Each structure stands twice: as C-alpha cells, then as structure tokens.
Amino acid sequence: MLKYDSYYFQCPHCQAWLEGRNLKAEMVNQSILYSDGKVLNDNLITTPQKMIMCPSCSHVFWVEKPAEPFITYEKPDAEVYSWNTWRFFGISFSDNKGKMALINHYKTFLKKSHYDPKKEIYLRRFLWWAYNDLHRNHQHVRLKYLLNGFMSFGVWHCNRKLILEGEKLFLKNHKGFTDNLQRLLALLEKHPDEQIDLELPEIYRELRQFDKAKELLEQVGSRTHFTSEMLRHSKWKDSRVFMVSG
Ligand SMILES: [Zn+2]
C-alpha cells in the first residue's frame, strides 16, 4: 500500500538530489500521541525534519517549508539519495546505540553553532524526544502486555530488554536531559508562539516540578483526556513520558 507522496530537492552545497516523503494522512491505520507531544502515524513521526545533513557532502541545511520551487514532485533524471539515507541522519533505531547516536547528533549541532530561538527550540524539542525515546514505551515491559496477547513471548521479551536497557541509559544521561529541558523551557517561556499545547506543564512534570505542572494544568479551561492523564501522572509524581492515546 502506497502511503507517501515522494518529492525531490537538492543539497544547496553539492547539488545532490534527495528524496523526501509526505505521508498520506488519509491512509494512516494507527496514530499514537505521547505526553511530550510526539505523534506517530503508523510508527513514523509526523513532525517534519527541518534540519538535514546531506548524505553526500555532510553539509547541514534547513528546510523550513518543503514547497516549490525548492522541491519538485517529478523524479529527476539523476541519482537520488533515498529518504532513509538522510532521515534522522541515516541512523537505524533498532537498538539503543542508534537512539544514543541521535542524541549525540543533536548535542553536537547545538554545541557547534548558535541558532535563532525558533531553530534552537526545534533542535531542543527533538533532543528532548530523542532522550525520551530511550524509554518511551515503558508500559510495554509489564507482563500485562504479554498476557493480553498483543505480542508473542519472543517479541515481548526482546522489547522488554531493549526498554529496560534504554531506561538505564536514560538515567545515566539524566543531567543532559534536564539541562536541555531547562533551556527549552526558558526559550518557550520567552517565545509563547512556539509552544505546543500542554508542552509547558509536561516539561515541568518531566523536570519533577509536579506542583507547577498541576498548577498549569488546573488553569486549562476544558478538561480533556490529555489534561486528566497528565494531572493523574503529576499527582503520582511520575515524571516518565507516557502514551496518551493510541
Ligand atoms: Zn551535499
């Protein structure tokens, strides 16, 4: 089943052609929302990748809005780097090494250059999500997930090992996680237009400032499933990212 529209664009430095993809929203089977705002459609992140490292020359460039004339929908008569070669810098996420590599990529980008606030928010949000990816589906380690038949024993066992190992790495890198989140919080408070819904209470919750998270959540006018769940986790003093719906 075809779920994408491909488009093509060129590296501004070496003119190599890269393939991009637009997910066809009407063909998505499953959508998952996490408390940190990350959304997955059929296991793929929906937020577009704006910062690209050319797979041919390693030049880093930004694509704010993939629109014509910068992109074309016609396949060029030249060699094209497929989406997988540059998406998330070509990293494979089948193990925790790949997840750590992504964290280190973002950290290096942030160390190397100075970015305007919008770009820094973008990079720090992706770094935050990358840290959370280490233990994102922590609920899957519970025996419940094996017993209710969602997974075979082999898959559950393998997945469980991966998440528990990820949780250890998350704790080991906790200082980097909090430093990034504190800086992101300061930026978002200064630039409220860049905030995603409920992002601030979630950051406070993940920084273990549960009273502040509860205070902000109680100010939200309409109570939704999302706000109730976040309040519940704040009351439990649980700071881990969780699945809101999916
Ligand atoms: Zn290039």
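In this predicted model, Tyr8 stands opposite Thr72, a residue of β8. The strand β8 comprises residues 71–72 and runs antiparallel to β1, to which 2 bridges join it.

The strand β1 also pairs with β2, again in the antiparallel sense, and this pairing extends over 7 bridges. Within it, Tyr7 has Gly20 of β2 as its bridge partner. Between the two strands of this hairpin lie 6 residues, and Gln15 in the hairpin adopts a positive phi near 65°.

The loop between β1 (4–10) and β2 (17–23) leads to the metal site, since Cys11 lies in this loop. The zinc ion is coordinated through the SG atoms of Cys11, Cys14, Cys54 and Cys57, at 2.3 to 2.4 Å. The angles among the 4 donor atoms span 105 to 112°, and the site is tetrahedral. For comparison, the ideal angle for four tetrahedral donors is 109.5 degrees.

Along the sequence, the donor residues follow the spacing C-x2-C-x39-C-x2-C. The pair Cys11 and Cys57 links distant parts of the chain: Cys57 belongs to the loop between β6 (51–53) and β7 (60–62), and the two residues are 46 residues apart.

Are these two donors of the zinc ion, Cys11 and Cys57, buried or exposed? Cys11 counts as buried because its relative accessibility is 1%, which lies under the 20% limit for that class. Cys57, by contrast, has a relative accessible area of 28% and is therefore partly exposed.

Terms used
Residues are numbered from 1 along each chain as its sequence is written. This is a predicted model: local features need pLDDT of at least 70, side-chain atom pairs count only at pLDDT 80 or more; totals for chains, interfaces and linings use all residues. Side-chain values use heavy atoms; hydrogens and water are left out. Donors are N, O and S atoms within 2.8 Å of the metal (3.2 Å for Na, K and Ca); water is not among the atoms, so sites may look incomplete. Four donors count as tetrahedral if all angles lie between 85 and 135 degrees; four count as square planar and six as octahedral if opposite donors are over 155 degrees apart and all others between 65 and 115; anything else is irregular. Helices (H or I, at least four residues) and strands (E, at least two) are DSSP runs, numbered from the N terminus. Buried means under 20% relative accessible area, exposed over 50%, partly exposed in between (1.4 Å probe, protein chains only). Two strands pair if DSSP finds at least two bridges between them.
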